[in-house]
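Good morning, and thank you for coming. Please take a moment to look at the sequence and the structure before I begin.

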Amino acid sequence: MSTFHVEPINDLIEHDTSGHPCVCGPTERPEKHDDGTVDWIVVHNSLDGRELNEPDRREP
Ligand SMILES: [Zn+2]
């Protein structure tokens, strides 16, 4: 079993990929392979908000 980290490039913070809980609150999901092995994918969140798909808001 292996763990893979998916982290945003050039994010504002250093993501902890050494096995400690990361401050960004990453999402972990198992990925099962055809041979029955399972890897864990740890998807880190960018902290600069680029994943927020908020529509552009124009304040008057
Ligand atoms: Zn992280």
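I shall go through the overall fold, then the metal site, and then several individual residues.

Let me begin with a point about the source: what is shown here is a predicted model. Every value that I quote was computed from that model.

We start with the fold. The protein has three strands and zero helices. In the order of the sequence, the pattern therefore reads β-β-β, each strand being a DSSP run numbered from the N terminus. The chain has 60 residues, and 17% of them count as buried. The exposed surface of the protein comes to about 5100 Å², and carbon and sulfur atoms supply 50% of that area. One further figure describes how the chain meets itself. If we take the contacts between residues at least 6 apart in sequence, 48% of them join residues at least 24 apart.

I now turn to the metal site. Which residues of the protein are donors of the zinc ion? They are His15 and His44, each through its ND1 atom, and Cys22 and Cys24, each through its SG atom. These donors lie 2.0 to 2.4 Å from the zinc ion. Along the chain, their spacing is H-x6-C-x1-C-x19-H.

What is the geometry of this site? The angles among the four donor atoms run from 106 to 114°, and the site is tetrahedral. For comparison, the ideal angle for four tetrahedral donors is 109.5 degrees.

Let us look at the donors themselves. Cys22 and Cys24 are both buried. His44 is placed in the segment after strand 3. Is His44 buried or exposed? Its relative accessibility is 3%, and buried means under 20%, so His44 counts as buried. The side chain of His44 also makes a polar contact of 3.2 Å with the side chain of His15. The two histidines are thus named twice in this account: as donors of the zinc ion, and as partners in that polar contact.

Next, the loop between strand 1 and strand 2. Strand 1 covers residues 3-6, and strand 2 covers residues 27-32. Three residues of this loop deserve a remark.

Pro8 is found in this loop. At 16% relative accessibility, Pro8 counts as buried. In sequence, Pro8 and Leu47 are 39 residues apart, while their C-alpha atoms are 9.0 Å apart in space.

Asn10 also lies in the loop between strand 1 and strand 2. The phi angle of Asn10 is near 60°, which is a positive value in a residue other than glycine. Asn10 has a relative accessibility of 72% and counts as exposed, because the cut-off for exposed is over 50%.

Glu14 is the third residue to mention in the loop between strand 1 and strand 2. Glu14 is exposed, at 75% relative accessibility. Its C-alpha atom is separated by 9.6 Å from that of Cys24, which is ten residues away along the chain.

Let us move to the strands. Thr3 belongs to strand 1. With a relative accessible area of 45%, Thr3 is partly exposed. Which residues is Thr3 in contact with, once its neighbours within four places in sequence are left aside? The answer is Trp40 and Val42. Thr3 can also be set beside Arg29: the two are 26 residues apart in sequence, and 9.9 Å apart from C-alpha to C-alpha.

Arg29 leads us to the charged side chains. How many salt bridges does a search of the whole structure find? The search finds one. Arg29 forms a salt bridge with Glu31, and the closest N and O atoms are 3.4 Å apart. Both partners are partly exposed: Arg29 has a relative accessibility of 40%, and Glu31 has a relative accessible area of 33%.

Finally, I come to the loop between strand 2 and strand 3, where strand 3 covers residues 38-43. Asp35 lies in this loop. The side chain of Asp35 is joined to the side chain of Thr37 by a polar contact of 2.7 Å. Asp35 counts as exposed, with 60% relative accessibility.

To close, I would ask you to keep two points in mind. The protein is a chain with three strands and zero helices. Its zinc ion sits in a tetrahedral site, with His15, Cys22, Cys24 and His44 as the protein donors. Thank you for your attention.

Terms used
Residues are numbered from 1 along each chain as its sequence is written. This is a predicted model: local features need pLDDT of at least 70, side-chain atom pairs count only at pLDDT 80 or more; totals for chains, interfaces and linings use all residues. Side-chain values use heavy atoms; hydrogens and water are left out. Helices (H or I, at least four residues) and strands (E, at least two) are DSSP runs, numbered from the N terminus. Buried means under 20% relative accessible area, exposed over 50%, partly exposed in between (1.4 Å probe, protein chains only). Contact means heavy atoms within 4.5 Å. Accessible areas come from the Shrake-Rupley method with a 1.4 Å probe; for residues, only the protein chains shown count as cover. A polar contact is a pair of N or O atoms within 3.5 Å; within protein, one must be able to donate a hydrogen and the other to accept it, and residues adjacent in sequence count only if both atoms are side-chain atoms. Donors are N, O and S atoms within 2.8 Å of the metal (3.2 Å for Na, K and Ca); water is not among the atoms, so sites may look incomplete. Four donors count as tetrahedral if all angles lie between 85 and 135 degrees; four count as square planar and six as octahedral if opposite donors are over 155 degrees apart and all others between 65 and 115; anything else is irregular. A salt bridge is a side-chain nitrogen of Lys or Arg within 4 Å of a carboxyl oxygen of Asp or Glu.
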